[in-house]
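Here is a set of questions about labels and the values behind them. Each answer puts a value next to a cut-off.

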Protein chains: 2
Amino acid sequence: METGYGLMDAVRERCARCAGRSVSICNVIDDEDLPVLVAESSRVTVPAGRCFISEGAPAHDFYVLTGGRAKLFSLMPDGRRQIIGFAELGDFLGLASSDTYAFTAEALGDVTLCRFPHSSIDRLVERFPRLRCRLQKEASSELVKTQARLMLLGRKTARERLASFLIEQASPCCAHGQTITDEHGPLTLALPMSRTDIADYLGLTIETVSRTFGLFKKEGLISVKGASAATLLKPGRLNDMANGIKRD
Amino acid sequence: METGYGLMDAVRERCARCAGRSVSICNVIDDEDLPVLVAESSRVTVPAGRCFISEGAPAHDFYVLTGGRAKLFSLMPDGRRQIIGFAELGDFLGLASSDTYAFTAEALGDVTLCRFPHSSIDRLVERFPRLRCRLQKEASSELVKTQARLMLLGRKTARERLASFLIEQASPCCAHGQTITDEHGPLTLALPMSRTDIADYLGLTIETVSRTFGLFKKEGLISVKGASAATLLKPGRLNDMANGIKRD
DNA sequence: GAAATATGTTGATTTAAATCAAAAAATGGA
DNA sequence: TCCATTTTTTGATTTAAATCAACATATTTC
C-alpha cells in the first residue's frame, strides 16, 4: 500500500501520531524536535495480565502509557494487596525515590507504552529544560492525587469510597476541574478492572464492593450493564456522597 | 556583644547557619550563592497551634521547615480529619497541582520556616538549574512515601499501623535505608503529637491507638514515659510487624 | 453448545475497630 | 500547691465491614 513515506519516516512519525502526545509529558516538546524523542524512546506492547514494572526490582526505565490501562499495586508478604492507582493514557510511570520500583504495574487489557531509560530522560531534560519542569508538575500532581486517597482510605465509609471511585472514573471524560452535578448525567463509564481490583483500590473486600454496587442500583444512583460498565444516573448526588456532603 | 559582623552580615548568614541547610532543597546551592537564597526568601516563625498553610487557599508560597515540627491534614465537611503527614527539619511544603493548597499545615510546637514566593522559586530555578532537579526528587520521594501510606491505611491492622508509625518516627534518627533490627534498640523517641493526631494519621480512633500502645507495653515491645515519649525495646520485632512479617 | 472454570452476587455470622461512657493522668493557670 | 481543664486510659457495647458459605452469572475451553 502506498503511504507516501518509508519505514524510517513511519518510525519518526511514532510520536507525532501517538495518542498520548497532547496529554503526556511529551506535550512540552515541539513537533520539530520529535525525532529526538523517537530516538531516545522505544515502543513496548504488553499483553493483558503481564507485569511491566515489578515492585522492588531495579528501576532502569520510565514509561509513558500510550494505550490501554494498567493497575499499579503493592503487596504484603501474606498476599494482602493495595492498588495504588489505575494508569491511563498519558500517565508517566516509574518515578522512584530509591533505585528500585515502589510498585508493580500490570496491564489491565493490552497496553502500549513508550519506554525511556533513565539515561535518555537525563539527555532529554538536558536538551529540553522545560521537560524537567513538566516532570516536576507530573510528580506534584500525582502527589496531590495520592494525598486525596489517604482521606479516602483513612476516613471514608464504603459508600463514600465507591462513590469517590465512580466519580474519579467519570472525571477524565467529563469534568475539567469543574464540579460534577446531576445535570452532567447520565454518564456511562467502562470499568475494565475486576471487582477484586476495585476492592483492593478502595481498601475493601469484593463482597462489600458488590453489596455497595447493589445498594446504589437499588437507590437509583447508578445502573449497571454486566459487571464492567456502569451508568451514573445521579452524578451530582454521587459526587456529594464522595465528598461527605449530606443532602436532605 | 561583639559578634564580628553587623546586621546585614547576620542576615546574609541566615542560610549558612540554618539547621535545614544540608537536608533541605537548599543543599544544591553552593555556599557562595547563599546571598541569593537569602534575598529570595524570608524567615517566618509560627507559634504552636497556628496554621501557616490552609487547605483550599490560594497557593502563593513554598516553605522549607527549618525548626520544630508541623502536622499536615485535610478535613471533610463533618469534621473527619486525615493527617497527611508530619513535617520535620528540611521538609519542602506547598507543592500543589492546582492554584490552591491541598492541605492545612499547623505548627505542632513553635516552628520556624523559610518562605519562598512562587516567583522566587521561579527565579532561583532559572539561576540554579540543579534546583529544579532537586525539587523533582523531593516531589518523587514524597510521592513514594505517600504511596506506602496507602497500604497502611487500606490494608494494615491497627497493630501494624502503630508499629509502622513507631518505626517511621524512629527512622530519621537511626536507619539510613538499612533495615531496623532488635540490635538497634532500645530506641527512645519523642512523640510531640497528641493521641488524636496519631489516630488521625493512622486512620484509627484515639481509643484504639491508646489500647494498642497498652498492648505493646504489656508485650514488652515498648516502654512509655508520659504520653509523649516512647522507647522501642524490640525495634526489629516492631519493624517486622509493621511490614506484616509473622515471627514464630 | 455443554462442561469447566472463573468471577460476581447474596445471605448468615463473626470480628476488629468504632462508639459510648467513666475513670485516671497529665497539664496549666491562679 | 491546688483546682479546673484537657488529654489519655480503660471498660462495656455496638456496628460497619470482614469472613464464611452458597449460589448465580459470565467466560473459557473443548
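The questions below go through the basis of the model, a helix, the cysteines, the interface and some single residues.

Q: What are the ground rules for this model and its numbering?
A: The model is predicted: local features need pLDDT of at least 70, side-chain atom pairs count only at pLDDT 80 or more, and totals for chains, interfaces and linings use all residues. Residues are numbered from 1 along each chain as its sequence is written, chains are lettered from A and ligands numbered from 1 in the order in which they are written, and side-chain values use heavy atoms, without hydrogens and water.

Q: How do you know that the span of helix 4 of chain A agrees with its number of residues?
A: Helices (H or I, at least four residues) and strands (E, at least two) are DSSP runs, numbered from the N terminus. The expected span is 1.5 Å times one less than the number of residues. Helix 4 (residues 129–155) has 27 residues, so 39 Å is expected. Its end C-alpha atoms are 40 Å apart, which agrees.

Q: What makes helix 4 of chain A mostly covered?
A: Buried means under 20% relative accessible area, exposed over 50%, partly exposed in between (1.4 Å probe, protein chains only). In helix 4 of chain A, 19 of 27 residues are buried.

Q: Why is A:Cys15 not bonded to the closest cysteine sulfur?
A: A disulfide needs two cysteine sulfur atoms within 2.5 Å. The closest sulfur to that of A:Cys15 belongs to A:Cys114, at 5.4 Å, so it is too far for a bond. A:Cys15 is at 8% relative accessibility, so it counts as buried.

Q: How many disulfides does the structure hold over all chains?
A: Zero. In chain B, the sulfur of B:Cys114 has its closest cysteine sulfur in B:Cys15, 5.4 Å away, so it too is too far for a bond. B:Cys114 has a relative accessible area of 7%, so it is buried.

Q: What area is buried between chain B and chain A?
A: About 3,800 Å², with 65% from carbon and sulfur atoms. Buried area is the accessible area (1.4 Å probe) that two parts lose on being put together, summed over both. On the chain B side, B:Gln136, B:Leu150 and B:Arg155 lose the most area to chain A, together 20% of what that side buries.

Q: How many residues does each chain give to the contact?
A: Contact means heavy atoms within 4.5 Å. Chain A gives 41 residues and chain B gives 41 residues.

Q: What makes A:Arg80 and B:Glu160 a salt bridge?
A: The rule asks for a side-chain nitrogen of Lys or Arg within 4 Å of a carboxyl oxygen of Asp or Glu. Here the closest N and O atoms are 2.8 Å apart. The count between the two chains is four salt bridges. Helix 4 of chain B gives the largest share of the side that touches chain A, 18 residues.

Q: Why is A:Ser74 called buried?
A: Its relative accessibility is 11%, so A:Ser74 counts as buried. A:Ser74 is found in strand 4 (residues 70–75) of chain A.

Q: What makes A:Ser74 and A:Glu55 a polar contact?
A: The rule is a pair of N or O atoms within 3.5 Å; within protein, one must be able to donate a hydrogen and the other to accept it, and residues adjacent in sequence count only if both atoms are side-chain atoms. The side chains of A:Ser74 and A:Glu55 are joined at 2.7 Å.
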